[in-house]
Amino acid sequence: MAEPMKYETIFFIIGIAAGSILILPFFSALVFAAVFAFMLYWIHKRLTKYMSETMSAALLTFLAMAVVVIFLGFGAKLILDELATVYSYFIRLDFETLFAGREDLAVSFEALSGYAFTQLISYSSSFVSKLPGIALSFAVFVFSLFFFIRDGEKTFIWVERNLPIAEATKKGIFKDIRNYANAFINVWLVIGAVQALMATIGFYLFGLPYPIVAGIIVGLLSILPSVGPFALYLPVGVYYLNTDPVIGAGILIYGGIVGSVLDYVIRPYLAGKWSNAHPLVILLGVFGGLVFLGPAGFIIGPIILLIATTFLTEIGLRKAV
């Protein structure tokens, strides 16, 4: 029995590798569809008491798609408005007056600001050329979300039963995945809510307008992968550096400290604690995932490390026996 199992494992790994290459262009879309499906599944189970599974999955997919489109549209408008504000602020700056007596600094900062906005324009142009690919990824997200909601639990159970590895290792892996999935959803939402509260308090204390709106935006940005709350603190702080340097520097420091501590210290700690994993595994998984797998890596990275640690633990236990 050992030999057939060995070959099954080899073919399974080859199949996973081949499939991964094919789905790699849509990796992020599939991962976020799976996360959305996981979050919506409890609603789906309740809706199936009143309608078919297909109808329930279709309804939830439509609602999720509407929320994503509205949020992305609002976020794009907000970012463009902020960039326009920052741009208009910089083009009005007189660097020679600002750095009176230091011509070298004036020239350096003028060249630096010109380079930054040239790069921004270049990035915007390349983004437009990627729109067809983004539209295709969004279509994959929508269809995947529907099937993940409707068939996700059945697929998960099937994979768990048929995965060709040792039973003890299999149980450990799926236990870790379940624990981390629950911890991920809970921690990310909790930290997003705390970020929103802290941003509202910060904007209020520094006398900035619309503190509640700013809090909501920061909370949403905190939940997004590879974005974070500093995407709002930075343009606001830079804008106020000219009109009121104390407020500008204050909101930058406040946002940098609060946002970083909550996102990169407390979040991994809580995710590790709630999932019974070491916080360092979660932290390295998040950063390593972002570097090698892109935005979806902040979800998948910790899961890959958890699976690896489970394998190593099982190997160590077998050698000890």
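**Reading a predicted all-helix model**

Colleague: Why is Arg267 called buried?

Modeller: Arg267 has a relative accessible area of 5%. Buried means under 20%, and therefore Arg267, at 5%, counts as buried. This value, like the others below, is computed from a predicted model.

Colleague: What makes Asp263 count as buried?

Modeller: The relative accessibility of Asp263 is 7%. Since the limit for buried is under 20%, Asp263 is therefore buried.

Colleague: How do you know that the side chains of Arg267 and Asp263 meet in a salt bridge?

Modeller: The N to O distance between these side chains is 3.3 Å. A side-chain nitrogen of Arg within 4 Å of a carboxyl oxygen of Asp is the criterion, so Arg267 and Asp263 form a salt bridge. Both residues belong to helix H10 (residues 245-274) and stand four residues apart, about one turn of the helix.

Colleague: How many salt bridges does the structure hold?

Modeller: The structure holds three salt bridges. One of them joins the side chains of Lys154 and Glu53, at 3.4 Å from N to O. This pair links distant parts of the chain, with Lys154 in helix H6 (residues 131-162), Glu53 in helix H3 (residues 53-91), and their positions 101 residues apart. A salt bridge also brings together the side chains of Arg150 and Asp151, with an N to O distance of 3.1 Å.

Colleague: Why is Glu53 called partly exposed?

Modeller: Glu53 has a relative accessible area of 33%. Buried ends under 20% and exposed begins over 50%, so Glu53 falls in between and is partly exposed. Arg150, with a relative accessible area of 24%, is therefore partly exposed by the same limits.

Colleague: Which elements does the protein contain, helices or strands?

Modeller: The protein has twelve helices and zero strands. Buried residues make up 33% of its 321 residues. Of the contacts with a separation of 6 or more, 65% are between residues 24 or more positions apart.

Colleague: What makes H7 roughly parallel to H9?

Modeller: Helix H7 (residues 167-205) and helix H9 (residues 230-243) pack at an angle of about 10 degrees, and their axes are 12 Å apart. Angles under 35 degrees count as roughly parallel, so H7 and H9 meet that description. Met198, Ala199 and Phe203 of H7 make the contact with Leu232, Tyr233 and Val236 of H9. By class, the residues of this contact are six nonpolar, no polar and no charged.

Colleague: Why are H8 and H9 called oblique to each other?

Modeller: The axes of helix H8 (residues 211-223) and H9 cross at roughly 135 degrees and come within 8 Å. Roughly perpendicular covers 65 to 115 degrees and roughly antiparallel requires over 145, so this pair of helices, H8 and H9, is oblique. On the H8 side, Ala214, Ile217, Val218 and Leu221 meet Ala231, Leu232 and Tyr233 in H9. The contact of H8 with H9 has seven nonpolar, no polar and no charged residues.

Colleague: What makes H2 roughly perpendicular to H7?

Modeller: Helix H2 (residues 27-47) packs with H7 at an angle of about 85 degrees, with the axes 11 Å apart. The range for roughly perpendicular is 65 to 115 degrees, and H2 is therefore roughly perpendicular to H7. Val35, Phe38 and Met39 in H2 meet Ala181, Asn182, Phe184, Ile185 and Leu189 in H7. This contact of H2 with H7 has seven nonpolar, one polar and no charged residues.

Colleague: Which residues have the most contacts inside the largest nonpolar core?

Modeller: They are Phe141, Phe184, Phe203 and Leu232, in a core of 57 residues. H7 gives the most to this core, with eleven residues. Leaving aside residues up to four places away in sequence, Phe141 touches Ala29, Phe32, Ala33, Phe36 and Val68.

Colleague: Why is Gly192 called buried?

Modeller: The relative accessible area of Gly192 is 4%. Set against the limit of under 20%, this value makes Gly192 buried. Gly192 lies in helix H7. Not counting residues up to four places away in sequence, Gly192 touches Gly219, Ser222, Ile223 and Arg267. Gly192 and Val218 are 26 residues apart in sequence and 7.8 Å apart in space, C-alpha to C-alpha.

Notes. Residues numbered from 1 in each chain as written. Predicted model: local features only at pLDDT ≥ 70, side-chain atom pairs only at ≥ 80, totals over all residues. Heavy atoms only, no water. Helix = DSSP H or I, 4+ residues; strand = E, 2+ residues; numbered from the N terminus. Buried < 20%, exposed > 50% of the residue type's maximum accessible area, 1.4 Å probe, protein only. Axes fitted to C-alpha atoms, helices over the stretch in contact; angles between N-to-C directions. Contact = heavy atoms within 4.5 Å. Nonpolar A, V, L, I, M, F, W, Y, C, P; charged D, E, K, R; others polar. Core = buried A, V, L, I, M, F, W, Y, C linked by side-chain atoms within 4.5 Å.
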